[in-house]
Amino acid sequence: MKQSVETEDIYRIIYQEHPDPFEILGMHSIESEGKKIIAIRAFLPRAKEVYAIAADQSKEYPMAKLHKIGFYEVLCDDRDEVFPYQLKTIQEDGTATVFYDSYSFLPGFSNLDQYFFQEGHHYKSFEKLGAHLMEMQGIRGVYFAVWAPNAKSVSVIGSFNHWDRRLHMMRSLGQSGVWEIFIPGIGQGEQYKFQITTFYNLIFDKSDPYGFYHETSPKTASIVYSLEEYKWHDQDWKEKRVAVQKYDAPISIYELHPGSWLRKPDNTFYNYKELAERLVAYVKEMGYTHIELLPIMEHPFYGSWGYQCLGLFAPTSRYGTPSDFMYFVDHCHINQIGVILDWVPAHFPTDSHGLAFFDGTHLYEHADPKQREHRDWNTFIYNYGRFEVKNFLVSSALFWCEKYHIDGLRVDAVASMLYLDYSRKEGEWVPNQYGGRENLDAIAF
């Protein structure tokens, strides 16, 4: 059977061992018998038959199965230039599905994005990493990107592909350590994770570190969610905020844990909207100017009261959706009440679906256990000296101010960040380069 791809490359795709499946899959201009033709390749293990269809419906090309597991190719001898196309699959039961091919789209993470991310100054990395509803090449879908520099391969798995890592293998963008893919035809509400294969062939299913919304614990999937739909009504507050919060202005803060302050008669939680109506009325009556919430960032262990958070870009789904939390902040501002969030960059829990050992290496945390482990809380400490980690944390802080109009952050456990010997005995900590106990990277952060 005539084919334009090496057998070795077919197997690297089948076994998810190719760092850039876009080099093999999708549409390619090739030389064949002295002339330029077009080759289209796809890996679709669930399909019985596959066809490539010109987007203008001018022709349908049956694709040959080059491997029984589901590697397909067609050589378009009648074309010498790339063209828009779709794939059509026929399943065993005869069901036909037509869709745009993820491997026909260009990268969405630019060279400039890579440069600023690697040097630790991409302070809006939340606009690029994670999952984003967008249009690429005129097609609606979701763009996914994740930082996993030491992974062998990364796939997006989710409700849209039967959680099958073979269907949406991501491409590595070289030294940046970022993996990405655009999946057309999916949208709001899709559940997903990143499945990471290490060079030791260990496989981890990870929640999205930049995810905007997550399933409620104990479930661990991330959920595609747009933050652009909510219509804010707090412009008046934003214009007056500088004067209201100046250093010599009287400020009185009411601090609370949202799930403990008040519950329904059946002991279930009020959602963000319901809480806003009750809480704001109480705070205004008592004469407070600001509300401070114990951490509402997504956290797996509710008993931590939010202080062991993993989703630094997502309000916990225990009390509703991101839009519900936007309503909470908006309602406070409309009533001239500021909102402060407890924010925890000091440590993170070791749950397997989270940041710990993210790509098979100690990526977000220190490799040395004398620097990595928080003995008091059995959590891990961020590696503040790593540019991409510092970028992750700074982006999170700015994210809440920009996307949720938050008026201030209260940073928790600062002493544990600043001192290398915090809760450690002699011999259990590593001095800084001058022999001192100060964590210079944390101070710089």
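**Salt bridges, cores and backbone features of the predicted model**

In the predicted model, Lys-152 has a relative accessible area of 13% and is buried. The side chain of Lys-152 forms a salt bridge with that of Glu-17, with a distance of 3.4 Å from N to O. This pair links distant parts of the chain, 135 residues apart: Lys-152 belongs to the loop between β10 (139-147) and β11 (153-158), whereas Glu-17 belongs to the loop between α1 and β1. Unlike the buried Lys-152, Glu-17 is partly exposed, at 36% relative accessibility. The bridge therefore joins a buried lysine to a partly exposed glutamate.

The residue Gln-16 also lies in the loop between α1 (7-14) and β1 (26-32). Gln-16 counts as buried because its relative accessible area, 6%, is under the 20% cut-off. When neighbours within four places in sequence are left aside, the residues in contact with Gln-16 are Phe-43, Ser-153, Arg-165, Arg-166 and Met-169. One of these contacts, Arg-166, is also part of a network of salt bridges that links it with Arg-46 and Asp-164.

Over the whole structure, 21 salt bridges are found. Another of them joins Arg-41 to Glu-73, with 2.8 Å between the closest N and O atoms. Arg-41 is part of strand β2 (residues 35-43) and Glu-73 is part of strand β6 (residues 71-76), so this bridge ties together parts of the chain that are 32 residues apart in sequence. Both partners are buried: the relative accessibility is 5% for Arg-41 and 3% for Glu-73. A further bridge is formed by the side chains of Arg-372 and Glu-373, at 3.5 Å from N to O. Here Arg-372 is buried, with a relative accessible area of 10%, while Glu-373 is partly exposed, with 28%.

In soluble globular proteins, nonpolar side chains tend to be buried together. The largest nonpolar core of the model comprises 102 residues, and Phe-144, Phe-325 and Phe-328 have the most contacts inside it. Strand β10 gives the most to this core, contributing seven residues. Another core, of 17 residues, lies apart from the largest one and includes Ile-38, Ala-42, Ala-47 and Tyr-72. Nonpolar side chains are also found at the surface, where Leu-112, Tyr-115 and Phe-116 form a patch. Together these three residues have about 310 Å² of accessible area. Of the patch members, Tyr-115 is placed in helix α2 (residues 111-118).

Cysteine sulfur atoms were examined for disulfides, and the count came to zero. For Cys-401, the closest cysteine sulfur is that of Cys-309, at 15 Å, which is too far for a bond. The cut-off for a disulfide is 2.5 Å between the sulfur atoms. Cys-401 is partly exposed, with 33% relative accessibility. Cys-76, in contrast, is buried, with 1% relative accessibility.

Most residues other than glycine have a negative phi, and most peptide bonds are trans. Several backbone features of the model depart from this pattern. The peptide bond from Ser-217 to Pro-218 is cis, and its omega is near 15°. Pro-218 is located in the loop between β15 (203-206) and β16 (222-223). A positive phi, near 50°, is found at Phe-357, which is a residue other than glycine. Phe-357 occupies the loop between β21 (338-343) and α7 (369-372), and its relative accessibility of 31% makes it partly exposed. Ser-423, likewise not a glycine, has a positive phi of about 55°. The loop that holds Ser-423 runs between α9 (414-418) and α10 (440-444). Ser-423 is partly exposed, with a relative accessibility of 39%.

Methods:
Residues are numbered from 1 along each chain as its sequence is written. This is a predicted model: local features need pLDDT of at least 70, side-chain atom pairs count only at pLDDT 80 or more; totals for chains, interfaces and linings use all residues. Side-chain values use heavy atoms; hydrogens and water are left out. Patches are made of residues with over 30% relative accessible area and no salt bridge: like charges are joined within 9 Å, nonpolar side chains (Val, Leu, Ile, Met, Phe, Trp, Tyr) within 5 Å. Accessible areas come from the Shrake-Rupley method with a 1.4 Å probe; for residues, only the protein chains shown count as cover. A salt bridge is a side-chain nitrogen of Lys or Arg within 4 Å of a carboxyl oxygen of Asp or Glu. Helices (H or I, at least four residues) and strands (E, at least two) are DSSP runs, numbered from the N terminus. Buried means under 20% relative accessible area, exposed over 50%, partly exposed in between (1.4 Å probe, protein chains only). Contact means heavy atoms within 4.5 Å. A nonpolar core is a set of buried Ala, Val, Leu, Ile, Met, Phe, Trp, Tyr and Cys residues joined through side-chain atoms within 4.5 Å.
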